Amino acid sequence: HEFMEALAKAREAHSLEHQEILILLQARGEEVDALGRAADAVRAKYLGDEVHLRGIIEFSNYCCRNCLYCGLRRDNRKLRRYRLTPGEILAAARKAAGLGLPTIVLQSGEDPHYTAPVLADIIRRLKEEVGVGAVTLSVGERSFEDYRLWREAGVDRYLLKHETAGATLFARLRPGTTLQDRLLRLKWLRELGYQVGSGNIVGLPGQTLETLAADILLMRELDVEMAGIGPFIPHPQTPLAKEPPGELELTLKVLAVSRLLLPRAHLPATTALGTIHPQGRRMGLCFGANVIMPDVTPPPYRYYYQIYPGKAGLHEEMETTLVSLKNLIFSLNRRVGSGPGHSPKIQGGM
Ligand code: 5AD
Ligand code: SF4
């Protein structure tokens with residue numbers, strides 16, 4: 001019937017119409033299992049059994065934006081704000097490298113305090129002094145010139161989730177910004193030769209299955225090298241505090257369909273997925289994900305990077321977290337990725 005037809009097409013052609021994506025997103029019961037198995041098979045075929053670990057350093061929780069869903073929004077006066085010094089960032093990266101994490105993600109709120117040259121200097125030192133294999137930057141919307149400077153300083157990848165492909169919803173949830181501006185920046189990043197990461201939030205208030213299908217088609221159109229797909233988790237100090245969280249099953253379905261349509265993309269089993277369910281990351285790895293991004297932000301700062309509450313692994317030592325992540329990977333008969341784990345498109349693996 002319809003479901004099996006759409007699934008077979010996705011699995012073989014990695015291409016679907018909007019309507020067919022909707023059918024897959026409406027999977028129920030055994031259909032969900034079949035969707036997961038198909039995504040897992042495509043992941044194994046195109047990317048193998050390696051799970052890449054990326055250490056993420058959340059170096060500032062200041063943000064000049066006011067997104068309705070996010071705990072870092074500027075109107076959240078209850079949050080204790082922090083900024084890591086360049087020395088602290090380098091030390092965190094050194095510790096991550098010592099623990100066997102070859103690549104680093106630098107993430108922050110939109111914090112103009114870190115000017116482009118200051119970040120460029122940190123990036124150069126991460127690569128030259130610490131020997132970090134690949135650097136991903138995720139600091140939001142900046143100018144073309146800033147992105148150019150960072151690329152020249154050695155940044156390999158940039159994460160800028162489109163968050164939602166619904167333009168009206170986007171403008172409502174991210175006051176003062178537009179989807180169009182965001183997409184323009186994703187285009188710039190592509191032009192500048194970055195490996196580009198996008199992604200969405202699943203279960204945003206006002207979102208529909210149609211919007212989610214549009215999210216997936218957009219990521220395919222952008223031909224992203226990475227996509228972060230995680231559930232919405234309401235934060236008590238935001239206007240969306242009383243809204244229900246995104247559903248585990250729906251998030252897994254969006255992840256699986258994304259894997260079917262983006263066979264070579266790096267897809268993390270997100271921390272948000274691990275936060276809404278204790279087995280969330282495991283399930284993510286079984287529904288097409290091939291990346292995990294352990295938090296290597298030094299305590300006490302990481303407690304204050306509260307995009308959403310209850311972040312998985314918050315109170316563990318980094319060593320403990322890594323042991324349990326590696327055990328998770330081994331228990332699924334998978335391997336820990338070696339080397340910088342570039343996109344297979346970059347390695348010439350097309
Ligand atoms: N729930 C889930 N994800 C969120 N993000 C921000 N707020 C939330 C929330 N309440 C995500 C956004 C952003 C990333 C850093 O965190 O997708 O890109
Ligand atoms: Fe700032 Fe990003 Fe949070 Fe929006 S989602 S408030 S831009 S950190």
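# Ligand shells and helix packing

Student: Which residues are around ligand 2?
Tutor: This is a predicted model, in which local features need pLDDT of at least 70, side-chain atom pairs need 80 or more, and totals for chains, interfaces and linings use all residues, while side-chain values rest on heavy atoms without hydrogens and water. Residues are numbered from 1 along each chain as written, with chains lettered from A and ligands numbered from 1 in written order. Taking a residue as near when one of its heavy atoms lies within 4 Å, the shell of ligand 2 consists of C63, R65, C67, Y69, C70, L72, R73, G109 and R174.

Student: How do the residues of the shell around ligand 2 divide by class?
Tutor: Ala, Val, Leu, Ile, Met, Phe, Trp, Tyr, Cys and Pro count as nonpolar, Asp, Glu, Lys and Arg as charged, and the others, Gly among them, as polar. The shell around ligand 2 therefore divides into 5 nonpolar, 1 polar and 3 charged residues.

Student: How many nonpolar residues has the shell around ligand 1?
Tutor: Ligand 1 is surrounded by Y69, C70, Q107, K161, E163, I201, P231, F232, I233, I307 and Y308. Of the shell around ligand 1, 1 residue is polar and 2 are charged, while the number of nonpolar residues is 8.

Student: What percentage of ligand 1 does the protein bury?
Tutor: Polar contacts (pairs of N or O atoms within 3.5 Å) link a nitrogen atom of ligand 1 to a polar backbone atom of Y69 at 2.7 Å. Oxygen of ligand 1 also lies 3.0 Å from an N or O atom in the side chain of K161, and 2.5 Å from one in the side chain of E163. Taken alone, ligand 1 exposes 400 Å² (Shrake-Rupley, 1.4 Å probe), and the share of that area which the protein buries is 86%.

Student: Is α5 roughly parallel or roughly perpendicular to α6?
Tutor: Helices here are DSSP runs (H or I) of at least four residues, and strands (E) of at least two; axes are fitted to C-alpha atoms, with angles from 0 to 180 degrees. Helix α5 (residues 116–130) packs against helix α6 (residues 144–152) at about 15 degrees, with the axes 9 Å apart. Angles under 35 degrees count as roughly parallel, over 145 as roughly antiparallel, 65 to 115 as roughly perpendicular and the rest as oblique, so α5 and α6 are roughly parallel.

Student: Are α1 and α2 roughly parallel or roughly perpendicular?
Tutor: The axes of α1 and α2 are 9 Å apart, and the two helices pack at an angle of about 115 degrees. That angle makes α1 and α2 roughly perpendicular.

Student: Which residue, not a glycine, has a positive phi of about 55 degrees?
Tutor: Most residues other than glycine have a negative phi. The residue with the positive value sits in the loop between α1 (2–13) and α2 (18–25), and is H14.

Student: Which residues does a cis peptide bond join?
Tutor: Most peptide bonds are trans. Here omega is about 5 degrees, and one partner, P300, is found in the loop between β7 (291–292) and α13 (301–304). The cis bond joins P299 and P300.

How values were computed: Polar contact = N/O pair within 3.5 Å; in protein donor to acceptor, adjacent residues only side chain to side chain.
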